[in-house]
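Let's take a walk through a protein model together. Keep the structure open beside you and find each spot as we get to it.

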Amino acid sequence: LAADATQAVYVTVTYHRAPRLSSATFNAIGSQIILVFDQMTSASGAVPCAENIAPLSAVGVDPACTWTAQHTLAVSLGSGATIVPGSLLGFVGSSLSSANGVSSIAAPSNATVSRPSFSQAPALRVVGANEVGSCDTAHITAYADSPRALTFVWGSRTHPALDANLSTEVSSSLSLRGASLEADATYTFSVYGVTFLGAVTDAVLHSLTIRSAPPPLLAINMPASPYLRTATTWINAQATYSACASDTASSLTYTWEVSVGAAYSEANVILSGSSEELRLPPHTLAPSTTYHVRLLGQLASGESSTASQIFSVTSSPLSAVIAGGARTVSRDSGSLALDASASSDPDVCPDGGGACPDALLSFLWTCALSDGSPCRLLSSRGALAL
């Protein structure tokens with residue numbers, strides 16, 4: 001064979017680099033860390049966190065790891081998680097490659113966990129007696145629907161000296177001896193919570209009256225939020241006898257009243273009850289509305305006390321439905337009609353179900369392939385706009 005410098009052969013080689021972890025970010029409420037990779041990968045579905053995340057102890061006990069897209073791994077934190085913004089989190093999976101499977105296996109990589117662009121504060125509610133005797137201890141507890149413990153800030157809006165004493169209290173509960181407070185006086189407490197991401201809850205007020213005549217100790221136990229128009233909500237009474245009560249044998253009678261607005265109003269009462277539990281049936285409450293729950297408990301001897309709670313109803317998630325569901329079509333199938341007219345707003349549907357078209361619904365359509373990339377037009381390769 002003779003060499004010929006006038007001839008050349010060109011070969012195009014496409015190199016597929018292994019995926020790398022590019023970012024790690026908390027979600028808005030701090031319950032997940034979202035790991036994003038620099039390309040679509042070969043992974044999908046749920047995977048063991050122990051085989052993919054390091055340090056495992058930082059994400060708590062029994063965390064869950066799920067590929068929500070081919071380039072996104074969601075790490076749902078377990079109880080006792082200690083990881084915070086600025087911590088280093090590593091991906092150590094041993095079988096991750098590019099989406100087409102051509103690349104080498106991804107090497108372990110790390111990312112500094114960032115704060116979310118927006119932090120969402122959880123809902124806060126306070127449970128405790130509103131009236132106690134001078135020989136009782138009032139227990140007031142703040143509850144937050146949060147995956148991580150909050151730092152609480154307590155105060156008193158009616159008594160400056162007590163406000164100063166509460167300035168160092170950061171726990172979720174207060175215990176106040178009636179004997180240390182002024183008899184026949186009403187104290188207004190305030191509390192708000194701060195998440196580890198810095199989000200601040202709305203402040204909640206709680207009134208406490210110290211009675212010289214020992215009343216039954218009442219508290220209202222609300223379920224965790226959200227409260228929806230379409231769901232049944234049960235509210236329970238918590239009742240005990242005063243430590244200095246002379247009558248500890250009589251049973252309590254209960255009177256419940258739910259009124260519209262943040263303050264009790266007899267004219268705005270929409271629901272009442274007389275048992276230890278109060279049922280709020282579906283479609284009784286209106287979305288985006290605040291309600292006041294008032295409970296009166298009375299002994300046969302005449303002693304009585306009241307308790308109250310305020311809660312707000314949130315809008316139910318919309319129901320988006322495409323007629324026909326998932327299906328397979330070919331290029332020869334002709335035009336494809338997509339019908340979402342069965343979509344609905346559960347809050348405007350009649351009690352008992354049935355069709356409830358809502359003319360006020362608006363729709364936004366998108367099209368994506370199974371790997372998350374956009375659908376494209378065959379003619380121009382441009383993204384399909386719907």
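Below, we go through a small set of features: a sheet, a serine, the disulfides and some backbone details.

First, some ground rules. This is a predicted model, so to speak of local features we need pLDDT of at least 70, side-chain atom pairs count only at pLDDT 80 or more, and totals for chains, interfaces and linings use all residues. Residues are numbered from 1 along each chain as its sequence is written, and side-chain values use heavy atoms, with hydrogens and water left out.

Let's start with the sheet. Strands here are DSSP runs of E with at least two residues, while helices are runs of H or I with at least four, and both are numbered from the N terminus. Two strands pair if DSSP finds at least two bridges between them. In general, strands of a sheet pair through backbone hydrogen bonds, either parallel or antiparallel. The sheet to look for is an open one with three strands in the order 16-18-21, and its pairing is antiparallel. Why do strand 16 and strand 21 each have one side without a neighbour in the sheet? Strand 16 (217-221) and strand 21 (277-280) stand at the edges and have a single partner strand each, so one side of each is left free of a neighbour in the sheet. On average, neighbouring strands of this sheet are turned by 15° against each other, direction ignored; for such angles, axes are lines fitted to C-alpha atoms (for helices over the stretch in contact), and the angles run from 0 to 180 degrees between N-to-C directions. Zoom in on strand 16 and strand 18 (residues 233-240): they run antiparallel and are joined by five bridges. One spot to find there is Ile220, which stands opposite Ala237 in strand 18.

Next, hop over to Ser259, which sits in strand 19 (residues 253-260). Is Ser259 buried or exposed? Its relative accessibility is 0%, so Ser259 counts as buried. The cut-offs are simple: buried means under 20% relative accessible area, exposed means over 50%, and partly exposed is in between, using a 1.4 Å probe and protein chains only. Who does Ser259 touch? Leaving out residues up to four places away in sequence, Ser259 is in contact (heavy atoms within 4.5 Å) with Tyr264, Ser265, Asn268, Val269, Ile270, Tyr291 and His292. Ser265 is worth a second look: its backbone nitrogen lies 3.5 Å from a polar atom of the Ser259 side chain.

Now for the cysteines. A disulfide is a covalent bond between the sulfur atoms of two cysteines. Here, a pair counts as one if the cysteine sulfur atoms are within 2.5 Å. How many disulfides does that rule give? The count comes to three.

One of them joins Cys49 to Cys65, with an S to S distance of 2.0 Å. The torsion about their S-S bond is about 115°, so this disulfide is right-handed. Cys49 lies in the loop between strand 3 (45-47) and strand 4 (53-54), and Cys65 is in strand 5 (residues 64-69), so the pair ties together parts that are 16 residues apart in sequence. Both ends are buried: Cys49 has a relative accessible area of 5%, and Cys65 comes in at 2%.

Another links Cys135 and Cys244, whose sulfur atoms are 1.8 Å apart. With a torsion of about -95° around the S-S bond, this disulfide is left-handed. The pair links distant parts of the chain, 109 residues apart: Cys135 is in the loop between strand 10 (131-133) and strand 11 (137-144), and Cys244 is in the loop between strand 18 and strand 19. Cys135 is partly exposed at 36%, and so is Cys244 at 34%.

Then there's Cys367 with Cys375, S to S 1.9 Å. Their link is left-handed, with -70° about the S-S bond. Cys367 is partly exposed, with a relative accessible area of 30%, whereas Cys375 counts as buried at 11%.

Last stop: the backbone. The peptide bond from Ala54 to Pro55 is cis, with omega near -5°, and Pro55 is found in the loop between strand 4 and strand 5. That loop also holds Asp62, which has a positive phi of about 55° although it is not a glycine. At 70% relative accessibility, Asp62 counts as exposed.

Technical notes: A polar contact is a pair of N or O atoms within 3.5 Å; within protein, one must be able to donate a hydrogen and the other to accept it, and residues adjacent in sequence count only if both atoms are side-chain atoms.
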